[in-house]
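This report describes a set of local features, from a ligand shell to single loop residues. The sequence and structure are shown first.

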Amino acid sequence: MAFLSSLFKKESSVLGIDIGSSAVKVVQIRKKRGKAVLETYGELALGPYGGVEIGRAVSLPPEKITEAVVDILRESKTTTKICGAALPLSASLITFISIPPVPDKQVSDVVSIEARKYIPVPLNEVLLDYSIIPREENYAVDDGSPAKPTAQGKEVLVVAIHNDFINQYQSIMANSMLQPSFYEIEIFSSIRSVIDQGVATSMVIDMGARSTKLYIVERGMLRSSHIINKGSQDITLSLSKALSISVGEAETMKRTYGLKGGPEYKELTEIITVNLDYMFYEANATLLNYQKKYNKNVNRIILTGGGVLLKGFTDLAKISFQTEVIYADPFGKLETPAFLSQEFAEAGPEFAVAIGTALRRLSELP
Ligand SMILES: Nc1ncnc2c1ncn2[C@@H]1O[C@H](COP(=O)(O)OP(=O)(O)OP(=O)(O)O)[C@@H](O)[C@H]1O
Ligand SMILES: [Mg+2]
C-alpha cells in the first residue's frame with residue numbers, strides 16, 4: 001500500500017520564477033485545505049554573475065542565468081520542479097485593439113488580422129495571445145453613473161512575445177531542470193498577487209533595477225501599460241557620479257539612508273529626489289492621460305519592485321500623487337508564519353511577480 005500511495009501521491013507544491021534584470025526571485029507554495037501556503041522563497045543578485053555590482057541590471061548569456069537559477073533553487077531549498085515563469089514586460093508588445101462585432105468563433109482570426117497592423121514583425125515569429133475586455137455594462141457593479149451607450153464591436157488586449165525570447169527561456173528552464181507549464185508577462189503575475197478584485201482602479205508602479213513599469217488595472221483587467229527606461233540603478237549611478245564614490249558605495253548609501261539621511265546627507269537626498277521626481281512626473285502623466293481618455297479616476301497607487309523599498313519613497317510619492325499610495329502586500333495572499341510578518345511586509349514589493357506566477361501555477365493543479 002505504501003508503494004501505491006507514494007505512486008499516487010499528489011504533488012502539491014509549485015514554484016514561481018521571476019528573472020529580473022538585476023535579480024532572480026523564486027517562491028515555493030503549496031495547496032493546503034484550499035489555501036496557498038508559503039513553503040520557501042529566495043532572491044539572488046545577478047550582477048556578480050556578470051562582473052557588475054549587486055543592484056545593477058546585467059545582460060547575461062543563458063548559461064549564466066541558468067547557473068544563477070540553479071543556485072537560488074538550491075539556496076532556498078526548493079523541492080519541486082513544477083513551476084510557472086514570468087517574462088519581462090520589455091520582451092513583449094502589448095496593444096489594445098478594437099475589432100468589429102463578429103461571432104465569437106471568428107474573433108481569433110480577426111484579432112490576427114488586426115494585430116498585424118501593430119506588430120512590427122511577421123506573426124509567425126511571435127507568440128500571440130489575446131483576451132477580450134469585458135464591456136462596461138457587463139460589469140456586475142453599479143457605480144451610479146448613467147448607462148453608457150453600447151460600444152460597437154469588442155475591445156481586445158493583445159500580447160505578442162518574440163519566439164526567440166521564449167526559446168531562450170525554455171532552454172534556461174530545461175537546463176535548470178524546471179518544468180514550467182506557462183510563461184506569462186510579469187505584469188499579469190503582479191496583477192494576480194497585488195490587486196484585490198473590486199471596483200477600484202489602480203496604477204501599479206514596479207520600480208526595478210533597469211526600468212520602471214507603470215500599468216493601470218481596472219476590475220482586475222489590464223487597461224494600459226508603459227515602461228520608463230530608468231530604474232533604481234540610475235539613482236545609484238547618479239549618486240556614484242555626483243559624489244565621486246564607487247558604484248558599490250553608492251548602492252550601500254542609497255539602501256542605508258535613502259531619503260532619510262537628514263541634514264548630513266543633503267546632497268544624497270537631493271540627487272535621489274531629482275531622480276524620483278522624474279519618474280513621478282512620468283507616472284503622473286500616464287495617470288492623467290488615462291483619466292482624461294476614459295473619464296475615470298485612478299483611486300490608488302500600488303508600489304512594487306525593489307526600488308520602492310528606498311527609505312522615504314512613499315512619503316515623496318504621496319506628495320507627488322493626488323491619490324492613495326500603498327506598498328504591495330503579495331505575501332498577504334499566502335498563509336505565512338505570523339512571527340515573520342514584518343519581514344514579509346518588507347519583502348513584499350520585490351516578490352510580487354514571483355508570487356503571482358506561483359499562484360497561477362497552483363490554481364492549475366487538479
Ligand atoms: N532597500 C532598498 N533601497 C533602495 N533601493 C533598493 C533597496 N533594495 C533594493 N533596491 C533596488 O531595487 C533594484 C532591484 O529591484 P528588483 O529586484 O525589483 O529589480 P529587477 O526585477 O531585477 O529589475 P527589472 O524589473 O528592472 O528587470 C536594484 O536596483 C536595487 O538597488
Ligand atoms: Mg522586476
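Helices (H or I, at least four residues) and strands (E, at least two) are DSSP runs, numbered from the N terminus. The model discussed here is predicted.

## Loop residues with positive phi

Arg-33 lies in the loop that joins β2 (23-32) to β3 (35-45). Its phi is near 45°, a positive value in a residue other than glycine. Arg-33 is exposed because 6 other C-beta atoms lie within 10 Å, and the cut-off for exposed is 12 or fewer.

Asn-295 also has a positive phi without being glycine, here near 55°. The residue sits in the loop between α8 (266-294) and β12 (300-304). Asn-295 counts as exposed because it has 9 C-beta neighbours inside 10 Å.

## Surroundings of ligand 1

The shell around ligand 1 is made of 24 residues, and the closest are Gly-20, Ser-21, Gly-55, Gly-208 and Gly-306. Two elements, α6 and α7, give two or more residues to this shell. Sorted by class, the shell around ligand 1 has 14 polar, 5 nonpolar and 5 charged residues.

## Packing of α6 and α7

Helix α6 covers residues 232-242 and helix α7 covers residues 247-257. The two helices pack at an angle of about 115°, and their axes are 8 Å apart. The crossing of α6 and α7 is right-handed. On the α6 side, the residues in contact are Ile-235, Thr-236, Leu-237, Leu-239 and Ser-240. On the α7 side, they are Val-247, Ala-250, Glu-251, Met-253 and Lys-254. By class, this contact of α6 with α7 has 6 nonpolar, 2 polar and 2 charged residues.

Met-253, one of the α7 residues in that contact, can also be related to Tyr-265. The C-alpha atoms of Tyr-265 and Met-253 are separated by 9.7 Å, with their positions 12 residues apart along the chain. Tyr-265 is found in the loop between α7 and α8. Tyr-265 counts as partly exposed because it has 18 C-beta neighbours inside 10 Å.

## The nonpolar core and Ile-205

The largest nonpolar core has 86 residues. The residues with the most contacts inside this core are Ile-17, Val-26, Val-27, Ile-205, Ile-355 and Ala-358. In soluble globular proteins, nonpolar side chains tend to be buried together.

Apart from residues up to four places away in sequence, Ile-205 touches Thr-212, Leu-214, Ala-283, Ile-301, Leu-303, Thr-304 and Val-308. Ala-283, one of these partners, is found in helix α8. Ala-283 is buried because 22 other C-beta atoms lie within 10 Å, and 20 or more suffice for that label. With the same exclusion of residues up to four places away, Ala-283 touches Ile-205 and Leu-214.

## Helix α5 and Ala-352

How many residues of helix α5 are buried? In α5 (residues 186-194), 8 of its 9 residues are buried, and the helix is mostly covered. The buried residues are Glu-186, Ile-187, Phe-188, Ser-189, Ser-190, Arg-192, Ser-193 and Val-194. Arg-192 is 91 residues from Ala-283 in sequence, and their C-alpha atoms are 21 Å apart in space.

Ala-352 has its place in helix α10 (residues 341-363). Why does Ala-352 count as buried? Ala-352 is buried because 33 other C-beta atoms lie within 10 Å. Beyond residues up to four places away in sequence, Ala-352 touches Ser-190, Ser-193, Val-194, Thr-304, Ala-328 and Pro-330. Among these partners, Ser-190, Ser-193 and Val-194 are buried residues of α5. Thr-304 is a contact of Ala-352 and is also touched by Ile-205. Ala-352 and Ile-132 are 220 residues apart in sequence, and the distance between their C-alpha atoms is 25 Å.

Key:
Residues numbered from 1 in each chain as written. Chains lettered and ligands numbered in written order. Predicted model: local features only at pLDDT ≥ 70, side-chain atom pairs only at ≥ 80, totals over all residues. Axes fitted to C-alpha atoms, helices over the stretch in contact; angles between N-to-C directions. Left-handed = near helix turned anticlockwise from the far one by under 90°. Contact = placed C-beta atoms within 7 Å. Nonpolar A, V, L, I, M, F, W, Y, C, P; charged D, E, K, R; others polar. Near = placed C-beta within 6 Å. Core = buried A, V, L, I, M, F, W, Y, C linked by C-beta atoms within 7 Å.
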